[in-house]
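Hi everyone, thanks for making room for me today. I'll put a structure up on the screen, and then we can walk through it together.

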Amino acid sequence: VAANVGYGLHDVVREDRRRRVGEVLELLRLRGLEERQPGQLSGGEQQRVALARAVVRRPRLLLLDEPLSALDAVTREDLRRQLRRLLQEIAIPAFVVTHDRLEAMTLGDSVLVMQQGAVRQDGPLAEVFSRPADVDVARLVGVESVVPAEVVGVEEELLVLAAGAARLVAVGALTVGSKALLCIRGEDVTLDTTRAVHSSARNQLAARVASLDPQGPIVRVELDCGFRLIAAITKHAAEALALREGMELVAQIKAHAIHVIDR
């Protein structure tokens, strides 16, 4: 490990090389592994050694190309959290290439979305993930529901939109008659068995459970609201509601949680 990390310091005198290797091993929690061979390391330790080998040169920019793709799911989740902290600690700008949107959300401050070699959108991570520029970006950043709609009115500075037989209100600047796409994230949809009288959610839609897809601690619920809508709720919430296919309930969505794209 120590020789591997110091490999790129051939132009540094021995004492400085030893000191710099020691500093980066300490930073990346690799102390005690200096004499280990590659085959004696876990996947996560190997990735940290690779990062140490790059960082020890004190570069002005790090390029990390799919840094976690070769790891198993458990190791990848653990190292994803570590990597964010490490990038902050070493204070070197990093350009991370990934196909994993969770990885992008964990590691990134800014995000640039590319498709077929062209930049589709770039900006602050929260902006791109919550307000995708078009339907392709919406799909790439994980928006579960993209619903065709038409603006049929404006009430209290909110758009009134028709999506099939359903009516929704959302924040936007389109005119009556405009065609739109409504981007709704699964985590922004809440479910209840009855309409909530004092809810801040302006949209309360009659819905029927079309399917349930448990995904670890999250349950992905496909709803028929006159259009297809996906809700992502906790396993505990699904059990409390006693969800089952065919069940009738109410889907609630706040107006500002719906991102409107002009078609």
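I'll begin with the whole protein and then zoom in on one residue.

One thing up front: what you see is a predicted model. Okay, so what is it built from? The secondary structure comes to 8 helices and 14 strands. Is the protein a compact globule or more spread out? It's more spread out, because its radius of gyration is 24 Å, and the globule rule gives 18 Å for 263 residues, so we're well over that. If you box in the C-alpha atoms along the principal axes, you get roughly 75 × 40 × 35 Å.

Now, inside and outside. Of the 263 residues, 42% are buried. The accessible surface is about 14,700 Å², and carbon and sulfur atoms account for 51% of that. As for charges, there are 34 positive and 36 negative ones, and their mean positions sit 4 Å apart. And if you take contacts between residues at least 6 apart in sequence, 59% of those join residues at least 24 apart.

Right, let's zoom in on Asn 203. You'll find Asn 203 in strand E10, which covers residues 203-215. Is Asn 203 buried or exposed? Its relative accessibility is 2%, and buried means under 20%, so Asn 203 counts as buried.

Who's around it? Leaving out residues up to four places away in sequence, Asn 203 touches several others, including Arg 167, Leu 168, Ala 251 and Ile 258. Val 169 is also one of the residues touched, and here the side chain of Asn 203 reaches the backbone nitrogen of Val 169 at 2.7 Å.

Note on methods:
Residues are numbered from 1 along each chain as its sequence is written. This is a predicted model: local features need pLDDT of at least 70, side-chain atom pairs count only at pLDDT 80 or more; totals for chains, interfaces and linings use all residues. Side-chain values use heavy atoms; hydrogens and water are left out. Helices (H or I, at least four residues) and strands (E, at least two) are DSSP runs, numbered from the N terminus. Buried means under 20% relative accessible area, exposed over 50%, partly exposed in between (1.4 Å probe, protein chains only). A polar contact is a pair of N or O atoms within 3.5 Å; within protein, one must be able to donate a hydrogen and the other to accept it, and residues adjacent in sequence count only if both atoms are side-chain atoms. Contact means heavy atoms within 4.5 Å. The radius of gyration is taken over C-alpha atoms; the globule rule is 2.2 Å times the number of residues to the power 0.38. Accessible areas come from the Shrake-Rupley method with a 1.4 Å probe; for residues, only the protein chains shown count as cover. Lys and Arg count as positive and Asp and Glu as negative; His and the chain ends are not counted. The place of a charge is taken as NZ of Lys, CZ of Arg, CG of Asp or CD of Glu.
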